[in-house]
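Colleague: I'm new to reading protein models, and I'd like to learn with one open in front of me. Could you take me through it, feature by feature?

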Amino acid sequence: MKHDKSLIKRAVRQRYRLKKFGGGKWRVSVYRSNRHLQVQIIDDVASKTVVACSTMEKELRGKLKSTSNIEAATMVGKVLAERAKQAGIKAVMFDRGGYKYHGRVKAIAESLRSNGMEC
């Protein structure tokens, strides 16, 4: 589908810029579906996921009315920031994954910043 191709092209273009100008920081990658959000912090040098959070986790699903709204995105950002602090991560690059910086994606980034992360 055309939409999928353009999404992938935007994601590849953005990851290129992040790797070129990011200065070796870890990357916060966002995946957004119609029902859920998945966010992870990736170490691109070692190609490993360091910390992850999702609306599919049981502890978050119990607290949320819906897993696909801005409230859920804010909660995911808060939980990810707490887990990152425990792992000793303070500064990251925000990879929106080809999605517009709007709505749930923006809520995740703002939640990370308000909970002490540098994005």
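Modeller: Let's begin with aromatic rings, and keep in mind that this is a predicted model. Two rings count as a pair if their centres lie within 6.5 Å, and planes over 60 degrees apart make the pair edge-to-face. By this rule there is 1 aromatic pair here.

Colleague: Which rings make the pair, and how are they arranged?

Modeller: They are the rings of Phe94 and Tyr101. Their centres are 6.3 Å apart and their planes stand at 85 degrees, so the pair is edge-to-face.

Colleague: Is Phe94 buried or exposed?

Modeller: The cut-off to remember is that buried means under 20% relative accessible area. Phe94 has 11%, so it is buried. Tyr101, at 37% relative accessibility, counts as partly exposed.

Colleague: Phe94 sits in strand 4, I believe. What should I look for on the faces of a strand?

Modeller: In a regular strand the side chains alternate between the two faces of the sheet. Here, both faces of strand 4 are covered. Val92 and Phe94 are buried on one side, and Met93 and Asp95 are buried on the other.

Colleague: In what order do the strands of the sheet lie?

Modeller: The sheet is open, with 4 strands in the order 3-2-1-4 and mixed pairing. Strand 3 (48–54) and strand 4 (92–95) are at the edges with a single partner strand each, so one side of each has no neighbour in the sheet. On average, neighbouring strands are turned by 20 degrees against each other, direction ignored.

Colleague: The pairing is mixed, so let's go pair by pair. How do strand 1 and strand 4 pair?

Modeller: Strand 1 and strand 4 pair in the parallel sense, over 4 bridges. To find this pairing in the model, look for Trp26, whose bridge partner in strand 4 is Val92. Arg27 has Met93 as its bridge partner in strand 4.

Colleague: How many bridges join strand 1 to strand 2?

Modeller: There are 6 bridges between strand 1 and strand 2, and these strands run antiparallel. Val30 stands opposite Val39 in strand 2. The two strands form a hairpin, with 4 residues between them.

Colleague: And how do strand 2 and strand 3 run?

Modeller: Strand 2 (residues 37–43) and strand 3 run antiparallel and are joined by 6 bridges. Ile41 is opposite Val51 in strand 3.

Colleague: Which strands does helix 3 touch?

Modeller: Helix 3 (residues 70–87) packs on the sheet and touches strand 1 (26–32), strand 2 and strand 3. The direction of helix 3 makes about 145 degrees with that of strand 3. Helix 4 (residues 104–114) also packs on the sheet, touching strand 1, strand 2 and strand 4. The direction of helix 4 makes about 145 degrees with that of strand 1.

Colleague: What do I look for inside the protein?

Modeller: In soluble globular proteins, nonpolar side chains tend to be buried together. The largest nonpolar core of this model has 27 residues. Those touching the most other members are Val28, Ile41, Leu80, Phe94, Ile108, Leu112 and Met117. Strand 1, strand 2, strand 3, helix 3, strand 4 and helix 4 each supply at least two residues of the core. Helix 3 gives the most, with 7 residues.

Colleague: What does Leu112 touch?

Modeller: Not counting residues up to four places away in sequence, Leu112 touches Val28, Gly77, Leu80, Ala81, Phe94, Met117 and Cys119.

Colleague: What about a polar side chain: is Ser111 buried or exposed?

Modeller: Ser111 lies in helix 4, and at 3% relative accessibility it counts as buried. Its side chain reaches the backbone oxygen of Thr74 at 2.8 Å. Leaving aside neighbours within four places in sequence, Ser111 is in contact with Thr74, Gly77 and Lys78.

Colleague: Where should I look for a backbone angle worth a second glance?

Modeller: Try Ser47, in the loop between strand 2 and strand 3. Ser47 has a positive phi of about 55 degrees although it is not a glycine. With a relative accessible area of 62%, Ser47 is exposed.

Colleague: Is Phe21 buried or exposed?

Modeller: Phe21, in helix 1 (residues 2–21), is exposed, with a relative accessible area of 64%.

Terms used: Residues numbered from 1 in each chain as written. Predicted model: local features only at pLDDT ≥ 70, side-chain atom pairs only at ≥ 80, totals over all residues. Heavy atoms only, no water. Pairing = 2+ DSSP bridges. Axes fitted to C-alpha atoms, helices over the stretch in contact; angles between N-to-C directions. Contact = heavy atoms within 4.5 Å. Buried < 20%, exposed > 50% of the residue type's maximum accessible area, 1.4 Å probe, protein only. Polar contact = N/O pair within 3.5 Å; in protein donor to acceptor, adjacent residues only side chain to side chain. Core = buried A, V, L, I, M, F, W, Y, C linked by side-chain atoms within 4.5 Å. Phe/Tyr/Trp six-rings, centres within 6.5 Å; stacked < 30°, edge-to-face > 60°.
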